[in-house]
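Visitor: I am new to this structure and would be grateful for a close look at a single part of it. Please explain how that part fits with its surroundings.

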Amino acid sequence: MNDDETLAGLRTSLSGVKESLTDVHLDRTADEIRARARSRRLRRGLAGAGATGVALGVGLALAAAGGGPAASPRPVHVNLAAWSVNSLPGGLVYVDVRELVQPDLLRQTLAQAGVPAIVTFGQFCTQAHGSDAAGNLDQVLGKTAAGGEPKLTIKPAGIPAGSELSIGIVHIATPNGQKAGFDTAFGLVREGAQLTCHVPPFKQEPQGKGPGKTGPAGSPAPASPKAAG
Amino acid sequence: MRSWGVEQKRREFTEFYAAAKDDCLRIVLISVGDRPLAEDLVAEAFTRAWTSWRTVRDHPAPRAWVVRTALNAHVSWWRRRRREVPLAEAEPGVTWQPAGVDDALAAAIRLLPPRQREVLVLRVFFDLDTEATAALLGVAPGTVGVHLHRALGTLRTKIPSLLD
(Lines give C-alpha, C1' and ligand atoms only; values in the text may rest on other atoms or scores of the structure.)
Protein backbone atom coordinates (compact mmCIF):
# COMPACT_ATOMS: atom_id res chain seq x y z
CA MET A 1 0.00 0.00 0.00
CA ASN A 2 1.52 3.34 -1.02
CA ASP A 3 1.22 6.67 0.75
CA ASP A 4 -1.73 7.86 -1.34
CA GLU A 5 -3.74 4.75 -0.53
CA THR A 6 -2.87 4.95 3.15
CA LEU A 7 -3.78 8.62 3.17
CA ALA A 8 -7.12 7.88 1.54
CA GLY A 9 -7.87 5.25 4.15
CA LEU A 10 -6.94 7.60 6.95
CA ARG A 11 -9.07 10.33 5.44
CA THR A 12 -12.10 8.10 5.40
CA SER A 13 -11.52 6.86 8.93
CA LEU A 14 -10.76 10.18 10.58
CA SER A 15 -13.35 12.18 8.68
CA GLY A 16 -15.91 9.71 9.95
CA VAL A 17 -14.63 10.22 13.48
CA LYS A 18 -14.88 13.97 13.11
CA GLU A 19 -18.42 13.78 11.81
CA SER A 20 -19.38 11.61 14.75
CA LEU A 21 -18.44 14.36 17.18
CA THR A 22 -21.75 16.13 16.85
CA ASP A 23 -21.87 16.87 20.56
CA VAL A 24 -18.56 18.72 20.51
CA HIS A 25 -19.10 22.45 20.24
CA LEU A 26 -17.03 25.47 21.06
CA ASP A 27 -19.36 27.40 23.34
CA ARG A 28 -17.46 30.67 23.34
CA THR A 29 -19.02 33.50 21.38
CA ALA A 30 -17.31 35.63 18.77
CA ASP A 31 -17.58 38.54 21.21
CA GLU A 32 -15.63 36.55 23.79
CA ILE A 33 -12.94 35.85 21.22
CA ARG A 34 -12.73 39.53 20.34
CA ALA A 35 -12.61 40.45 24.03
CA ARG A 36 -9.74 38.01 24.47
CA ALA A 37 -7.87 39.70 21.62
CA ARG A 38 -8.56 43.10 23.15
CA SER A 39 -7.24 41.90 26.48
CA ARG A 40 -4.17 40.54 24.71
CA ARG A 41 -3.49 43.91 23.14
CA LEU A 42 -3.90 45.49 26.54
CA ARG A 43 -1.34 43.22 28.11
CA ARG A 44 1.12 43.86 25.31
CA GLY A 45 0.56 47.57 25.52
CA LEU A 46 1.18 47.46 29.21
CA ALA A 47 4.66 46.06 28.89
CA GLY A 48 7.02 48.95 29.41
CA ALA A 49 7.96 51.63 31.84
CA GLY A 50 6.56 52.18 35.28
CA ALA A 51 7.09 54.13 38.42
CA THR A 52 8.94 51.20 39.87
CA GLY A 53 10.41 49.94 36.67
CA VAL A 54 8.21 46.90 36.81
CA ALA A 55 6.21 46.33 33.70
CA LEU A 56 3.04 44.36 33.96
CA GLY A 57 -0.10 43.74 32.01
CA VAL A 58 -3.55 44.69 33.15
CA GLY A 59 -4.60 41.09 33.06
CA LEU A 60 -3.68 40.27 36.60
CA ALA A 61 -4.15 37.26 38.71
CA LEU A 62 -4.03 38.45 42.25
CA ALA A 63 -3.16 35.76 44.73
CA ALA A 64 -5.44 36.46 47.63
CA ALA A 65 -4.49 33.41 49.60
CA GLY A 66 -2.21 33.46 52.56
CA GLY A 67 -1.65 35.84 55.43
CA GLY A 68 -0.62 39.47 55.41
CA PRO A 69 -2.89 42.32 54.53
CA ALA A 70 -5.04 40.25 52.23
CA ALA A 71 -6.26 37.83 54.86
CA SER A 72 -9.87 36.69 54.72
CA PRO A 73 -10.90 38.13 51.38
CA ARG A 74 -14.32 37.22 50.12
CA PRO A 75 -15.08 35.94 46.66
CA VAL A 76 -15.74 38.82 44.29
CA HIS A 77 -17.36 38.67 40.88
CA VAL A 78 -17.81 42.10 39.40
CA ASN A 79 -17.96 42.39 35.64
CA LEU A 80 -18.42 45.81 34.14
CA ALA A 81 -17.96 46.88 30.55
CA ALA A 82 -14.80 48.71 31.60
CA TRP A 83 -13.19 46.07 33.79
CA SER A 84 -13.72 42.81 35.60
CA VAL A 85 -12.66 41.48 38.97
CA ASN A 86 -13.31 37.82 39.58
CA SER A 87 -12.21 35.55 42.35
CA LEU A 88 -10.89 32.29 41.02
CA PRO A 89 -10.64 28.89 42.63
CA GLY A 90 -7.61 28.59 44.83
CA GLY A 91 -7.86 32.09 46.20
CA LEU A 92 -6.90 33.92 43.03
CA VAL A 93 -8.49 37.07 41.76
CA TYR A 94 -8.45 37.88 38.08
CA VAL A 95 -8.59 41.49 37.00
CA ASP A 96 -9.12 42.55 33.42
CA VAL A 97 -9.15 46.25 32.60
CA ARG A 98 -10.53 47.33 29.24
CA GLU A 99 -11.34 50.98 29.81
CA LEU A 100 -9.93 53.43 32.30
CA VAL A 101 -13.10 54.41 34.13
CA GLN A 102 -14.44 54.08 37.68
CA PRO A 103 -11.11 53.68 39.47
CA ASP A 104 -12.77 54.25 42.85
CA LEU A 105 -15.04 51.31 42.31
CA LEU A 106 -12.14 49.19 41.07
CA ARG A 107 -10.16 49.98 44.20
CA GLN A 108 -13.11 49.11 46.42
CA THR A 109 -13.66 45.90 44.54
CA LEU A 110 -10.01 44.94 44.85
CA ALA A 111 -10.17 45.66 48.57
CA GLN A 112 -13.16 43.36 48.88
CA ALA A 113 -11.15 40.72 47.10
CA GLY A 114 -8.34 41.14 49.61
CA VAL A 115 -6.01 43.40 47.67
CA PRO A 116 -5.17 46.74 49.34
CA ALA A 117 -4.60 49.01 46.39
CA ILE A 118 -4.45 52.56 45.15
CA VAL A 119 -5.71 52.81 41.61
CA THR A 120 -4.84 55.74 39.41
CA PHE A 121 -5.91 56.02 35.79
CA GLY A 122 -4.05 58.46 33.59
CA GLN A 123 -1.12 58.87 35.93
CA PHE A 124 1.37 57.01 38.08
CA CYS A 125 1.58 57.72 41.81
CA THR A 126 4.52 57.18 44.11
CA GLN A 127 5.16 58.14 47.70
CA ALA A 128 5.85 61.88 47.97
CA HIS A 129 8.49 61.88 50.70
CA GLY A 130 11.21 59.38 51.23
CA SER A 131 11.39 56.04 49.65
CA ASP A 132 8.39 53.90 48.96
CA ALA A 133 7.30 51.38 51.53
CA ALA A 134 9.71 48.64 52.38
CA GLY A 135 9.01 45.47 50.55
CA ASN A 136 10.18 43.69 47.52
CA LEU A 137 7.94 43.85 44.51
CA ASP A 138 9.56 40.66 43.37
CA GLN A 139 7.82 39.05 46.33
CA VAL A 140 4.53 40.57 45.29
CA LEU A 141 4.57 40.29 41.54
CA GLY A 142 5.06 37.06 39.79
CA LYS A 143 4.03 34.98 36.87
CA THR A 144 2.25 31.71 36.59
CA ALA A 145 1.34 29.46 33.74
CA ALA A 146 -2.15 28.82 35.02
CA GLY A 147 -4.44 27.67 32.27
CA GLY A 148 -1.57 27.22 29.91
CA GLU A 149 -1.14 30.92 29.42
CA PRO A 150 1.19 33.13 31.43
CA LYS A 151 -0.63 35.40 33.81
CA LEU A 152 0.78 38.06 36.04
CA THR A 153 0.26 37.46 39.69
CA ILE A 154 0.33 39.51 42.82
CA LYS A 155 0.69 37.90 46.20
CA PRO A 156 -0.90 40.11 48.84
CA ALA A 157 1.00 38.17 51.47
CA GLY A 158 4.11 39.82 50.08
CA ILE A 159 2.71 43.30 50.67
CA PRO A 160 4.09 44.55 53.99
CA ALA A 161 1.56 45.31 56.71
CA GLY A 162 0.48 48.93 56.51
CA SER A 163 1.35 49.17 52.86
CA GLU A 164 -0.71 49.32 49.71
CA LEU A 165 -0.04 48.46 46.14
CA SER A 166 -0.12 51.48 43.86
CA ILE A 167 -1.45 50.55 40.44
CA GLY A 168 -1.19 53.21 37.77
CA ILE A 169 -2.49 52.73 34.26
CA VAL A 170 -2.17 55.24 31.45
CA HIS A 171 -3.03 55.29 27.80
CA ILE A 172 -0.22 55.08 25.33
CA ALA A 173 -0.74 57.66 22.61
CA THR A 174 0.50 57.44 19.05
CA PRO A 175 2.29 60.50 17.63
CA ASN A 176 -1.01 61.71 16.17
CA GLY A 177 -2.77 61.42 19.50
CA GLN A 178 -4.60 58.15 18.93
CA LYS A 179 -4.85 55.79 21.88
CA ALA A 180 -2.65 52.80 21.16
CA GLY A 181 -2.89 50.74 24.30
CA PHE A 182 -2.01 51.00 27.96
CA ASP A 183 1.05 51.25 30.09
CA THR A 184 1.08 50.43 33.76
CA ALA A 185 3.25 50.69 36.82
CA PHE A 186 3.19 49.17 40.25
CA GLY A 187 4.73 50.33 43.49
CA LEU A 188 4.44 49.70 47.20
CA VAL A 189 3.49 52.73 49.28
CA ARG A 190 2.80 53.23 52.96
CA GLU A 191 -0.85 53.36 53.81
CA GLY A 192 -1.98 56.98 54.13
CA ALA A 193 1.25 58.41 52.75
CA GLN A 194 1.12 61.53 50.61
CA LEU A 195 1.58 60.64 47.00
CA THR A 196 3.09 62.43 44.07
CA CYS A 197 1.40 61.62 40.82
CA HIS A 198 2.61 62.31 37.35
CA VAL A 199 1.77 61.56 33.77
CA PRO A 200 4.73 59.76 32.21
CA PRO A 201 6.34 62.12 29.70
CA PHE A 202 6.16 59.73 26.79
CA LYS A 203 2.67 58.53 27.52
CA GLN A 204 0.83 61.83 27.60
CA GLU A 205 -2.49 62.06 25.93
CA PRO A 206 -3.31 65.03 23.77
CA GLN A 207 -5.81 66.48 26.28
CA GLY A 208 -3.02 68.34 28.03
CA LYS A 209 -2.35 66.43 31.19
CA GLY A 210 1.04 67.59 32.38
CA PRO A 211 3.77 65.86 34.31
CA GLY A 212 3.98 66.56 38.01
CA LYS A 213 0.29 66.86 38.37
CA THR A 214 -0.82 65.62 41.75
CA GLY A 215 -4.41 64.91 40.90
CA PRO A 216 -6.39 63.46 38.08
CA ALA A 217 -7.97 65.54 35.39
CA GLY A 218 -11.43 66.70 36.33
CA SER A 219 -11.15 66.01 40.02
CA PRO A 220 -9.46 67.61 43.02
CA ALA A 221 -5.80 66.79 43.46
CA PRO A 222 -5.74 64.10 46.11
CA ALA A 223 -3.15 64.49 48.81
CA SER A 224 -3.44 60.82 49.41
CA PRO A 225 -5.56 59.46 46.65
CA LYS A 226 -7.23 56.14 47.08
CA ALA A 227 -8.22 56.26 43.50
CA ALA A 228 -8.08 58.76 40.75
CA GLY A 229 -8.92 58.87 37.13
CA MET B 1 -19.27 55.26 16.30
CA ARG B 2 -17.65 52.42 14.45
CA SER B 3 -16.63 52.83 10.84
CA TRP B 4 -18.19 50.72 8.15
CA GLY B 5 -14.89 48.87 7.71
CA VAL B 6 -14.82 47.86 11.35
CA GLU B 7 -18.41 46.67 11.22
CA GLN B 8 -17.69 44.69 8.09
CA LYS B 9 -14.66 43.10 9.73
CA ARG B 10 -16.73 42.16 12.74
CA ARG B 11 -19.47 40.71 10.59
CA GLU B 12 -17.07 38.73 8.43
CA PHE B 13 -15.26 37.33 11.41
CA THR B 14 -18.48 36.48 13.23
CA GLU B 15 -19.77 34.57 10.22
CA PHE B 16 -16.50 32.73 9.76
CA TYR B 17 -16.27 31.92 13.44
CA ALA B 18 -19.82 30.59 13.63
CA ALA B 19 -19.27 28.39 10.59
CA ALA B 20 -15.81 27.09 11.43
CA LYS B 21 -15.43 26.91 15.21
CA ASP B 22 -16.95 23.48 15.83
CA ASP B 23 -15.22 21.90 12.86
CA CYS B 24 -11.86 23.27 13.95
CA LEU B 25 -12.46 22.18 17.53
CA ARG B 26 -13.24 18.63 16.49
CA ILE B 27 -10.10 18.38 14.37
CA VAL B 28 -7.91 19.78 17.13
CA LEU B 29 -9.62 17.52 19.66
CA ILE B 30 -8.78 14.46 17.60
CA SER B 31 -5.21 15.74 17.35
CA VAL B 32 -4.57 16.50 21.03
CA GLY B 33 -7.10 14.26 22.81
CA ASP B 34 -7.89 16.70 25.61
CA ARG B 35 -11.12 18.61 25.28
CA PRO B 36 -10.44 21.55 27.64
CA LEU B 37 -7.03 21.96 26.07
CA ALA B 38 -8.49 21.72 22.57
CA GLU B 39 -11.05 24.40 23.40
CA ASP B 40 -8.34 26.69 24.73
CA LEU B 41 -6.13 26.11 21.72
CA VAL B 42 -8.92 26.77 19.24
CA ALA B 43 -10.04 29.87 21.13
CA GLU B 44 -6.45 31.06 21.05
CA ALA B 45 -6.21 30.38 17.33
CA PHE B 46 -9.42 32.29 16.62
CA THR B 47 -8.15 35.12 18.80
CA ARG B 48 -5.10 35.34 16.58
CA ALA B 49 -7.33 35.04 13.53
CA TRP B 50 -9.32 38.06 14.67
CA THR B 51 -6.10 39.96 15.34
CA SER B 52 -4.85 39.12 11.84
CA TRP B 53 -8.23 39.02 10.17
CA ARG B 54 -7.19 40.49 6.84
CA THR B 55 -4.53 37.82 6.47
CA VAL B 56 -6.87 35.02 7.47
CA ARG B 57 -9.79 36.31 5.41
CA ASP B 58 -7.66 36.32 2.29
CA HIS B 59 -6.02 33.01 3.07
CA PRO B 60 -6.85 30.21 0.63
CA ALA B 61 -7.73 27.87 3.52
CA PRO B 62 -8.71 29.93 6.57
CA ARG B 63 -9.91 26.93 8.57
CA ALA B 64 -6.61 25.18 7.96
CA TRP B 65 -4.90 28.37 9.12
CA VAL B 66 -6.85 28.21 12.38
CA VAL B 67 -6.13 24.53 13.00
CA ARG B 68 -2.48 24.93 12.17
CA THR B 69 -2.28 27.91 14.55
CA ALA B 70 -4.01 25.91 17.27
CA LEU B 71 -1.59 23.02 16.89
CA ASN B 72 1.35 25.43 16.95
CA ALA B 73 -0.08 26.98 20.09
CA HIS B 74 -0.15 23.51 21.56
CA VAL B 75 3.57 23.15 20.98
CA SER B 76 4.20 26.57 22.52
CA TRP B 77 1.87 25.78 25.41
CA TRP B 78 3.68 22.56 26.13
CA ARG B 79 7.12 24.15 25.98
CA ARG B 80 6.01 26.92 28.30
CA ARG B 81 4.31 24.55 30.67
CA ARG B 82 7.33 22.29 30.76
CA ARG B 83 9.50 25.26 31.62
CA GLU B 84 7.30 27.02 34.15
CA VAL B 85 5.29 24.42 35.97
CA PRO B 86 7.16 22.18 38.40
CA LEU B 87 6.54 18.60 37.52
CA ALA B 88 5.06 17.83 40.92
CA GLU B 89 2.43 20.52 40.39
CA ALA B 90 1.53 19.55 36.88
CA GLU B 91 -2.04 18.43 36.53
CA PRO B 92 -2.52 14.95 35.25
CA GLY B 93 -3.56 15.04 31.63
CA VAL B 94 -7.24 14.74 30.95
CA THR B 95 -7.32 12.38 28.07
CA TRP B 96 -10.28 11.99 25.83
CA GLN B 97 -11.13 9.31 23.38
CA PRO B 98 -13.80 9.91 20.77
CA ALA B 99 -16.40 7.21 20.72
CA GLY B 100 -15.85 4.74 17.96
CA VAL B 101 -12.35 5.74 17.05
CA ASP B 102 -9.62 3.19 16.97
CA ASP B 103 -7.74 3.76 20.23
CA ALA B 104 -4.44 2.76 18.75
CA LEU B 105 -4.90 5.00 15.72
CA ALA B 106 -5.76 8.05 17.81
CA ALA B 107 -2.89 7.40 20.19
CA ALA B 108 -0.48 6.86 17.32
CA ILE B 109 -1.46 10.13 15.68
CA ARG B 110 -1.00 12.04 18.92
CA LEU B 111 2.43 10.53 19.41
CA LEU B 112 3.66 11.72 16.04
CA PRO B 113 6.22 14.53 16.12
CA PRO B 114 4.42 17.89 15.88
CA ARG B 115 5.38 18.66 12.29
CA GLN B 116 4.42 15.21 11.05
CA ARG B 117 1.10 15.44 12.83
CA GLU B 118 0.53 18.91 11.40
CA VAL B 119 1.15 17.72 7.88
CA LEU B 120 -1.06 14.70 8.39
CA VAL B 121 -3.94 16.76 9.79
CA LEU B 122 -3.78 19.28 6.97
CA ARG B 123 -3.63 16.57 4.32
CA VAL B 124 -6.35 14.42 5.87
CA PHE B 125 -8.91 16.88 7.14
CA PHE B 126 -8.50 19.72 4.68
CA ASP B 127 -7.52 17.69 1.69
CA LEU B 128 -4.73 20.15 0.98
CA ASP B 129 -2.26 19.04 -1.64
CA THR B 130 1.47 19.06 -1.06
CA GLU B 131 1.99 22.55 -2.44
CA ALA B 132 -0.85 24.09 -0.41
CA THR B 133 0.33 22.36 2.74
CA ALA B 134 3.88 23.55 2.14
CA ALA B 135 2.67 27.11 1.59
CA LEU B 136 0.66 27.04 4.80
CA LEU B 137 3.54 25.67 6.83
CA GLY B 138 6.16 27.81 5.17
CA VAL B 139 8.29 24.86 4.14
CA ALA B 140 9.35 23.30 0.87
CA PRO B 141 6.98 20.84 -0.80
CA GLY B 142 9.65 18.19 -0.51
CA THR B 143 9.71 18.68 3.24
CA VAL B 144 5.96 18.09 3.38
CA GLY B 145 6.43 14.88 1.43
CA VAL B 146 9.12 13.67 3.80
CA HIS B 147 7.05 14.42 6.91
CA LEU B 148 3.99 12.77 5.44
CA HIS B 149 5.91 9.70 4.37
CA ARG B 150 7.45 9.33 7.81
CA ALA B 151 4.12 9.86 9.54
CA LEU B 152 2.37 7.28 7.40
CA GLY B 153 5.26 4.87 7.87
CA THR B 154 4.93 5.19 11.63
CA LEU B 155 1.18 4.68 11.49
CA ARG B 156 1.52 1.63 9.25
CA THR B 157 3.96 0.15 11.72
CA LYS B 158 1.77 0.80 14.73
CA ILE B 159 -1.56 0.18 13.05
CA PRO B 160 -1.24 -2.84 10.79
CA SER B 161 -4.92 -2.56 9.84
CA LEU B 162 -3.99 0.47 7.75
CA LEU B 163 -2.37 -1.96 5.35
CA ASP B 164 -5.62 -3.80 4.77
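Guide: What follows is a close look at one residue of chain B, Ala73(B), and then at a strand of chain A.

The model is predicted, and its scores are ipTM 0.75 and pTM 0.49. In chain B the average pLDDT is 79, and 77% of the residues score at least 70.

Ala73(B) belongs to helix H4 of chain B, which covers residues 62-84. Is Ala73(B) buried or exposed? Ala73(B) is classed as buried because 22 C-beta neighbours lie inside 10 Å, and 20 or more are needed for that class. Once the neighbours within four places in sequence are set aside, the contacts of Ala73(B) are Leu41(B), Glu44(B) and Ala45(B). Asp40(B) stands 33 residues away from Ala73(B) in sequence, yet their C-alpha atoms are 9.5 Å apart in space.

One stretch of chain B calls for caution. Over residues 78-101 of chain B, pLDDT stays under 50; the model nevertheless has 27 contacts beyond four places in sequence for this stretch.

In chain A, strand E11 runs over residues 195-198. Leu195(A) and Cys197(A) form its covered face, whereas Thr196(A) and His198(A) form the uncovered one. E11(A) pairs with strand E6 of chain A, residues 124-127, in the antiparallel sense, and four bridges join the two. Within this pairing, Leu195(A), which lies on the covered face of E11(A), is the bridge partner of Gln127(A).

Key. Residues numbered from 1 in each chain as written. Chains lettered and ligands numbered in written order. Predicted model: local features only at pLDDT ≥ 70, side-chain atom pairs only at ≥ 80, totals over all residues. Buried ≥ 20, exposed ≤ 12 C-beta atoms within 10 Å, placed from the backbone. Pairing = 2+ DSSP bridges. pLDDT = per-residue confidence, 0-100. Contact = placed C-beta atoms within 7 Å.
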